[in-house]
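Student: I should like a close look at a single part of this structure. Please describe one helix in detail, with its surroundings.

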Amino acid sequence: MREHTEHTARPGSGTDGRHLVAVLALPGFPPFELGIPSRVFGSAVGEDGEALYEVVVCTADGAPVLSDSGFTLQPAAGPEALAAADTVIVPPTHAMPELALGGPLPPEVAAAIARIRPGTRLVSICTGSYVLAAAGLLDGRPATTHWNLAREFRRAYPRVRIDEDVLFVDDGDVLTSAGVSAGVDLCLHMIRRDHGVAVTNRAARMCVVPPWRDGGQAQFIDRPVPEPSVASTTATRAWALERLAEPVALAELAAHARMSLRTFTRRFRDEVGMTPVQWLTAQRLELARHLLESSDLPVDLVAHRAGFGSANSLRQHMRSTLGVSPIAYRRTFQPASA
């Protein structure tokens with residue numbers, strides 16, 4: 001998955017120039033997913049503790065809406081919040097079954113979404129992707145949704161390039177997340193895109209969640225929970241994380257886990273959702289990103305400490321994964337030092 005890393009932290013439309021996030025509460029919303037943006041973005045603060053985002057929950061017509069848990073939400077605003085927002089987030093709804101068949105949005109929802117300004121960042125959490133798709137906003141774009149509904153989604157919206165193996169998809173101004181808690185991953189990703197790793201790590205600590213999760217939805221698809229007696233690759237992953245700067249062969253990983261190569265590779269993929277080599281590369285890339293964001297180390301030294309061996313190797317991996325060079329990436333998060 002190619003990520004977009006442009007630095008979007010600029011004066012927003014909220015109070016004191018904060019980035020304004022409007023969360024659209026639709027009838028039949030699940031409370032957990034609706035609350036994710038407020039909790040995660042509300043935990044994003046600057047070095048002096050200043051809030052970086054303003055989050056407003058609104059409805060399509062300003063009227064209260066009933067959740068799927070039986071209580072009614074009194075929104076803070078109506079569709080005017082969508083027109084003013086810098087980012088609009090659409091959580092799931094369990095009260096619009098017609099969307100699963102590719103049916104139209106209710107008129108008031110379609111009218112509310114039509115008020116969103118061009119250039120606004122659009123986001124869906126879980127099956128909120130159906131709402132964006134029904135509005136035609138995902139046509140021709142890569143996107144994701146809950147893995148269990150990917151086949152249904154493809155039938156309803158064949159113009160969308162759905163990928164059920166990832167936790168989220170960042171397509172620049174349109175971002176979609178997989179099921180439930182993947183909305184947390186996506187919100188943290190947006191904070192990182194806007195403000196870098198330090199702010200994201202603080203927000204993640206406040207929410208008591210990891211700032212970045214390994215793997216994708218593949219690790220959750222139709223796999224039984226292993227018996228307690230079955231060996232895990234967890235300890236070996238922790239061991240490898242302490243040696244990212246060193247060459248680590250697949251045979252060494254398997255030996256540390258006391259498994260055959262075949263067993264280790266299969267179990268690793270079952271637990272993480274990717275191969276050991278893919279995982280190691282992702283961890284090294286994550287370390288390189290952190291060093292580029294938070295230090296002034298030369299690119300050659302960043303590449304060495306992250307285990308890529310050479311600046312050219314790091315450059316190739318960053319271009320293929322992120323679409324930018326190490327220097328361009330650093331300039332995104334350290335504009336004053338570029």
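**Helix α6 and its contacts**

Tutor: In this predicted model, helix α6 is mostly covered, with 13 of its 14 residues buried. Helix α6 comprises residues 182–195. Its 14 residues should span 20 Å at 1.5 Å a residue, and the end C-alpha atoms are indeed 20 Å apart, so expectation and model agree. After the helix comes Gly 196, with a positive phi near 95°.

One neighbour is helix α1 (residues 31–41), whose axis comes within 9 Å of that of α6 and crosses it at roughly 35°. This crossing is right-handed. From α1, the contact is made by Ile 36, Pro 37, Val 40 and Phe 41; from α6, by Gly 183, Val 184, Cys 187, Leu 188, Met 190 and Ile 191. Nine of the residues in this contact are nonpolar, one is polar and none is charged.

Helix α6 also takes part in salt bridges, of which the structure holds 11. In one of them, the side chains of Asp 194 and Arg 121 meet at 2.9 Å, N to O. Because Asp 194 lies in α6 and Arg 121 in strand β6 (residues 121–124), the pair ties together parts 73 residues apart in sequence. Both Asp 194 and Arg 121 are buried.

A further salt bridge joins the side chains of Arg 193 and Asp 170, again at 2.9 Å, N to O. Arg 193 belongs to α6 and Asp 170 to strand β9 (residues 168–170), so that this pair links distant parts of the chain, 23 residues apart. Arg 193 counts as buried at 5% relative accessibility, and Asp 170 is buried with a relative accessible area of 2%.

Methods: Residues are numbered from 1 along each chain as its sequence is written. This is a predicted model: local features need pLDDT of at least 70, side-chain atom pairs count only at pLDDT 80 or more; totals for chains, interfaces and linings use all residues. Side-chain values use heavy atoms; hydrogens and water are left out. Axes are lines fitted to C-alpha atoms, for helices over the stretch in contact, and angles run from 0 to 180 degrees between N-to-C directions. Helices (H or I, at least four residues) and strands (E, at least two) are DSSP runs, numbered from the N terminus. A crossing is left-handed if the near helix is turned anticlockwise from the far one by less than a right angle, and right-handed if clockwise. Contact means heavy atoms within 4.5 Å. Ala, Val, Leu, Ile, Met, Phe, Trp, Tyr, Cys and Pro count as nonpolar, Asp, Glu, Lys and Arg as charged, and the others, Gly among them, as polar. The expected span of a helix is 1.5 Å times one less than its number of residues. Buried means under 20% relative accessible area, exposed over 50%, partly exposed in between (1.4 Å probe, protein chains only). A salt bridge is a side-chain nitrogen of Lys or Arg within 4 Å of a carboxyl oxygen of Asp or Glu.
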